[in-house]
Amino acid sequence: MRHFRTLALSLSVATALAAPGLAATCGNNSGGFNAWKAAFANEARAAGVGQRGLDALASASYASGTIAADRNQKSFRYSLSKFMQVRGADTIVSQGRKRKAQNPGFYQSLERSYGVPAGVLIAIHGMETGFGGFMGNSSVVSAITTLAYDCRRSSFFVPHAIGALKLVDRGAITSNTKGAKHGELGHTQFLPGNALQYGVDGNGDGRVDFYNQTDALASTANFLRRKGWQPGQGYQEGQPNFRVIKQWNAATVYQQAIAIMGARIDG
């Protein structure tokens, strides 16, 4: 789930960030990262992060690979046809149809619960991780705290950094959990703040695990529904639910690709 619109800060986080003397100073290189972590720990603690989360923050490393990736996102500047070619849209549709046919009851249950059709969820799953084939090799905590520290989009990523540390507190992830370069995690690449807010226990085992396909897809459907998905309404450009796809990813070509692939998968 890349480049979300800004997640609203919880009251506790907003209070922490507004409190005098607590704000951590952003930076544009690794030089100030350790000092920033020490200051950010105060904000995190005030926002309700516990000791496990604070320990994860303390052990986080400056993720230079994340910064490089953040400065070089060329694919979102492609035309729609080029974007779909580069992202392997035809393969996603072909494999997506097979996945839907192999497990129709699962996708039907998600649509009954959340109103989101299989094609959209399968297209997102395929686009984000190749149906779980590669969920990233970067430390989620290090990546997201590096982006929270980096001055370019610090205000966007701070709530997600707090979210990641709270996920550590809950046992949903650890300081060693791997995800994508921007700290996205699991099968559909939730940013941590959204994972914290919209995650659901889809398989009923008592925990929310974004590296479990059932939990991840149920959480994705829950996100879309809570963002305003209207069951039974269309999701192509100009239709009511297209605006909800925009909540998943801010890149226009991504939104268009999901809508087109979803319709092709649903047939």
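**Exercise 1. Placing phenylalanine 83**

Where is the place of phenylalanine 83, and is this residue buried or exposed?

*Solution.* Keep in mind as you work that this is a predicted model.
- Step 1: find the element. Phenylalanine 83 sits in helix 5, which covers residues 80-86.
- Step 2: check the accessibility. Its relative accessible area is 0%. Buried means under 20%, so phenylalanine 83 is buried.
- Step 3: look for a partner further along the chain. Tyrosine 254 is 171 residues away from phenylalanine 83 in sequence, yet their C-alpha atoms are 8.0 Å apart in space.

**Exercise 2. Into the core**

Which residues touch the most other members of the largest nonpolar core, and which helix gives the largest share of this core?

*Solution.*
- Step 1: pick out the residues. The largest nonpolar core has 75 residues, and those touching the most other members are Phe40, Leu224, Tyr254, Ile258 and Met261.
- Step 2: turn to the helices. Helix 10 (residues 154-170) supplies nine residues, the largest share of this core.
- Step 3: zoom in on leucine 224. Skipping residues up to four places away in sequence, leucine 224 touches Val116, Val120, Leu121, Ile124, Trp229, Val244 and Trp248.

**Exercise 3. Helix 12 and two partners**

Are helix 7 and helix 12 roughly parallel or roughly perpendicular to each other, and how do helix 8 and helix 12 pack?

*Solution.*
- Step 1: start with helix 7 (residues 104-114). Its axis and that of helix 12 come within 10 Å and cross at roughly 30°. Angles under 35 degrees count as roughly parallel, so helix 7 and helix 12 are roughly parallel to each other. Their crossing is right-handed.
- Step 2: list who meets whom. Helix 7 brings Phe106, Tyr107, Leu110, Ser113 and Tyr114, while helix 12 brings Gln213, Thr214, Leu217, Ala218, Ala221, Asn222 and Arg225. Sorted by class, the contact of helix 7 with helix 12 has seven nonpolar, four polar and one charged residues.
- Step 3: move on to helix 8 (residues 118-129). Helix 8 packs against helix 12 (residues 213-226) at an angle of about 120°, and their axes are 10 Å apart. Helix 8 and helix 12 are therefore oblique to each other. This crossing, too, is right-handed.
- Step 4: list the residues again. From helix 8 come Val120, Leu121, Ile124 and His125, and they meet Gln213, Leu217, Thr220, Ala221 and Leu224 in helix 12. The contact of helix 8 with helix 12 splits into six nonpolar, three polar and no charged residues.

**Exercise 4. Helix 2 against helix 10**

At what angle do the axes of helix 2 and helix 10 cross, and which residues make the contact?

*Solution.*
- Step 1: read off the geometry. The axes of helix 2 (residues 33-46) and helix 10 come within 11 Å, crossing at roughly 70°.
- Step 2: name the arrangement. The range for roughly perpendicular is 65 to 115 degrees, so helix 2 and helix 10 are roughly perpendicular to each other.
- Step 3: find the residues. Phe40, Glu43 and Ala44 of helix 2 make the contact with Val158, Ala161, Ile162 and Leu165 of helix 10. By class, that gives six nonpolar, no polar and one charged residues.

**Exercise 5. Positive phi in loops**

What is the phi of phenylalanine 131, and what is the phi of glutamine 189?

*Solution.*
- Step 1: take phenylalanine 131. Its phi is positive, about 60°, although it is not a glycine. Phenylalanine 131 lies in the loop between helix 8 and strand 1 (138-139). With a relative accessible area of 9%, phenylalanine 131 is buried.
- Step 2: do likewise for glutamine 189. Its phi is near 60°, a positive value in a residue other than glycine. Glutamine 189 is found in the loop between strand 2 (178-179) and helix 11 (192-198). Glutamine 189 counts as buried, at 1% relative accessibility.

**Exercise 6. Contacts of isoleucine 92 and glycine 119**

Which residues are in contact with isoleucine 92, and which does glycine 119 touch? Leave out neighbours up to four places away in sequence.

*Solution.*
- Step 1: locate isoleucine 92. It lies in helix 6 (residues 89-102) and is buried, with a relative accessible area of 6%.
- Step 2: gather its contacts. Isoleucine 92 is in contact with Arg87, Ala123, Gly126, Met127, Phe131, Met261 and Ile265, leaving aside neighbours within four places in sequence.
- Step 3: switch to glycine 119 in helix 8. Glycine 119 is buried, at a relative accessible area of 0%, and touches Gly262, Ile265 and Asp266, not counting residues up to four places away in sequence.

How values were computed:
Residues numbered from 1 in each chain as written. Predicted model: local features only at pLDDT ≥ 70, side-chain atom pairs only at ≥ 80, totals over all residues. Heavy atoms only, no water. Core = buried A, V, L, I, M, F, W, Y, C linked by side-chain atoms within 4.5 Å. Buried < 20%, exposed > 50% of the residue type's maximum accessible area, 1.4 Å probe, protein only. Helix = DSSP H or I, 4+ residues; strand = E, 2+ residues; numbered from the N terminus. Contact = heavy atoms within 4.5 Å. Axes fitted to C-alpha atoms, helices over the stretch in contact; angles between N-to-C directions. Parallel < 35°, antiparallel > 145°, perpendicular 65-115°, else oblique. Left-handed = near helix turned anticlockwise from the far one by under 90°. Nonpolar A, V, L, I, M, F, W, Y, C, P; charged D, E, K, R; others polar.
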